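Student: I have a model open and would like to learn how to read its helix packing and its sheet. Where do we start?

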Amino acid sequence: MWFFARDPVRDFPFELSPEPPEGSPPGPWVLHRGRKKATGSPVSIFVYDVKPGAEEQTQVAKAAFKRLKTLRHPNILAYIDGLETDKCLHVVTEAVTPLGVYLKARAEAGGLKELELSWGLHQIVKALSFLVNDCSLIHNNVCMAAVFVDRAGEWKLGGLDYMYSAQGNGGGPPRKGIPELEQYDPPELADGSGRAVREKWSADMWRLGCLIWEVFNGSLPRAAALRNPGKIPKSLVPHYCELVGANPKVRPNPARFLQNCRAPGGFMNNRFVETNLFLEEIQIKEPAEKQKFFQELSKSLDSFPEDFCRHKVLPQLLTAFEFGNAGAVVLTPLFKVGKFLSAEEYQQKIIPVVVKMFSSTDRAMRIRLLQQMEQFIQYLNEPTVNTQIFPHVVHGFLDTNPAIREQTVKSMLLLAPKLNETNLNVELMKHFARLQAKDEQGPIRCNTTVCLGKIGSYLSATTRHRVLTSAFSRATKDPFAPSRVAGVLGFAATHNLYSMNDCAHKILPVLCGLTVDPEKSVRDQAFKAIRSFLSKLESVSEDPTQLAEVEKDVHAASSPGMGGAAASWAGWAVTGVSSLTSKLIRAHPTAAPAETNVPQRPAPEGLPAPAPTPVPAVPTTSGPWETQEEGKDTEEDSSAADRWDDEDWGSLEQEAESVLAQRDDWSTRNQASRAGQSRRDSWGDDNWEGLETESRQAKAELARKKREERRREMEAKRAEKKAAKGPMKLGTRKLD
């Protein structure tokens, strides 16, 4: 009975690339590109074909197979898998490129920096130190052909074919028989002199000197060329000369050579080598050391190689965030490295981390994410923004830290184009209404107005109609002068979103009132905006057929293109106002709109006005939007059309005090209302159903309690009078 044998090469979980072999080094092996069948991940495959009559080479190849499989070190070529048959040997390693090919490619792209070369040589010397000092092995083949470079730019020592034991067991060094490799042998091996006095590392250190010469000067033509250092850096020349000295006894141990090169001013004493050494030991570093390292890393990344940042720094940053509790300190270097990634890589590696960071309660991390959102917003898709990021970001609107509230407002410029209908037109508008009406910081109220004008084109037509006019009208009554300027410029930047009737009846009356504003910057912008709106009205008046063209955007669906007019008002960008925000907040920490007592509009001097005299606290159920009963007769007839319809904005303010608990302050409310009538905002003067209902219920309850008190008082008075009269006395009438 016949059994068909399975082909081990066909069943091997790795396959060779159909491309021709890349520049294979001299020796028995041929280097191929390959990939893992299951995952498609790239690998390198060294292939040796067994040939008849080449038993010695076959034994060398099998010995190299065994050595590579058992030796594990970060600076030695990493073994992944292998296959040994009667016909061939396959050794699978990490994906690498021969050093000669790598240097040639980099030379065509501008060449390697000394930083990269210093770290590469450091790795090779460290591998030799491991072999000689820890394993008592002589590599016996140190040359350009035995060094490989991985995708991160890390140099790996390979070429273990001719390795032998330094202790003498197992015989002497194997014969190479390849002239390209034998030219790197030290002179004492050729003439037999000095064999008794040389150190075990002497031959390998000579070959290291040859490698250094070739790295900086190209292929070594002959041994005599080693006398001329050529392009070898001056800081390395003294140590190089020790390696290629004629006396093998004075050639340094690899460990001492590293120590000499790492001395102050040495070739390997630089920031790049120090960064790599720290990354290799980062798992055993103290948290304080890691924090300091990541803080300083961002400054150095610009000078580091791109491949190193992508394949070595980035994995360490992700690991530090995931398992090391590094926190916000990793954000800056993480986004810097992210610039080197493709869109697909960014989605796979950075975005999951960013989404997870947004759910953090760490304020430092939240504010850094908001500040650097511009670097990653283009990689976020709309479902991710609406379901995983926006729900966390909106918490910043209610944060007690003004800096976080400000950054949250500014971040909406980037998030608005990706928000869905509900989040943009409902949720975001609720928070903007609250900030513009009640935030105690003038700069934040100003930035809210600015942001609303910038994102106005993304709003739905219905939302634009009920929000923009009311919001900008409110801003023109703000005691903070830049907020009033922002309100005027908001009207101008969104002029194409208003009908001609709104321009004539709602906007121009508001702007005309600002022509007598105490602040000249407000007056100047008001006149400019008035001229713009009058020009539109006049053009339509002259030619009524233009009305449809002028109002084409009024009822159009939301579109970013409609906001192009805002670009011409460059002076009102968020950054133009908020650059002074931190100073303004520190200078006027309590300039709240609800605490200013001014007869008409305050007269600010320059930027912020001096803190006004606060009025007594007004009990409210819905913040500044509550409709004041006493002020209804002073409202404009058109105010009802400007409201943000039927939204229960007061629900954003969970007031702890109820109206019933503070009924004695209603008289104070009346005084404050009359004194601050010019401050009453157009968003709050509207007849909103939710607020009216709540107000009527509160007043009805108050009236009922007053009637109850009055009834009890009357009963008490009757009882007192009855008691004062006492019982009626019967007597006789005195007769005359």
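Tutor: Start with two helix axes. The axes of H4 and helix H7 (residues 202-217) come within 12 Å, and they cross at roughly 165°. Keep in mind that this is a predicted model.

Student: How do H4 and H7 run relative to each other, roughly parallel or roughly antiparallel?

Tutor: Angles over 145 degrees count as roughly antiparallel. The crossing angle is roughly 165°, so H4 is roughly antiparallel to H7.

Student: Is the crossing of H4 and H7 left-handed or right-handed?

Tutor: Right-handed.

Student: Which residues of H4 and H7 meet?

Tutor: From H4, take Leu 117, Leu 121, Ile 124, Val 125 and Leu 128. They meet Asp 204, Leu 208, Leu 211, Ile 212, Val 215 and Phe 216 of H7. Sorted by class, this contact has 10 nonpolar residues, no polar ones and one charged.

Student: Give me a second helix pair to read.

Tutor: Take helix H17 (residues 382-393) and helix H18 (residues 402-415). Their axes come within 11 Å and cross at roughly 165°. That makes H17 roughly antiparallel to H18. The crossing of this pair is left-handed.

Student: What does the contact of H17 with H18 consist of, by class?

Tutor: Five nonpolar residues, two polar and no charged. On the H17 side are Val 385, Phe 390 and Val 393; on the H18 side they meet Thr 408, Ser 411, Met 412 and Leu 415.

Student: Now the sheet. How do strands hold together in general?

Tutor: Strands of a sheet pair through backbone hydrogen bonds, either parallel or antiparallel. Here, three strands form an open sheet, in the order E6-E8-E9, with antiparallel pairing.

Student: Which strands stand at the edges?

Tutor: Strand E6 (96-98) and strand E9 (155-157). Each has a single partner strand, so one side of each is left without a neighbour in the sheet. From one strand to the next, the twist averages 40°.

Student: How many bridges pair E6 and E8?

Tutor: Three, in the antiparallel sense. Across that pairing, Val 96 stands opposite Asp 150 in E8.

Student: And what joins E8 to E9?

Tutor: Strand E8 (residues 147-150) and E9 also pair in the antiparallel sense, over three bridges. Val 147 stands opposite Leu 157 in E9. Val 149 has Trp 155 of E9 as its bridge partner.

Student: What should I look for in the hairpin of E8 and E9?

Tutor: Check the backbone of the turn. The hairpin has four residues between the strands, and Gly 153 takes a positive phi near 85° there.

Student: Which way do the side chains of E8 point?

Tutor: Val 147 and Val 149 point one way, Phe 148 and Asp 150 the other. All four are buried.

Student: Where do helices meet this sheet?

Tutor: Helix H3 (residues 99-108) lies across E6, E8 and E9 and runs at about 85° to E6. Helix H4 (residues 114-134) also packs on the sheet. H4 touches E8 and E9, and its direction makes about 25° with that of E9. This is the H4 whose axis comes within 12 Å of that of H7.

Student: How do I place these pieces in the whole protein?

Tutor: Use the totals. The protein has 29 helices and 10 strands. Of its 736 residues, 50% count as buried. Then take the contacts between residues at least 6 apart in sequence: 70% of them join residues at least 24 apart.

How values were computed: Residues are numbered from 1 along each chain as its sequence is written. This is a predicted model: local features need pLDDT of at least 70, side-chain atom pairs count only at pLDDT 80 or more; totals for chains, interfaces and linings use all residues. Side-chain values use heavy atoms; hydrogens and water are left out. Two strands pair if DSSP finds at least two bridges between them. Axes are lines fitted to C-alpha atoms, for helices over the stretch in contact, and angles run from 0 to 180 degrees between N-to-C directions. Contact means heavy atoms within 4.5 Å. Buried means under 20% relative accessible area, exposed over 50%, partly exposed in between (1.4 Å probe, protein chains only). Angles under 35 degrees count as roughly parallel, over 145 as roughly antiparallel, 65 to 115 as roughly perpendicular and the rest as oblique. A crossing is left-handed if the near helix is turned anticlockwise from the far one by less than a right angle, and right-handed if clockwise. Ala, Val, Leu, Ile, Met, Phe, Trp, Tyr, Cys and Pro count as nonpolar, Asp, Glu, Lys and Arg as charged, and the others, Gly among them, as polar.
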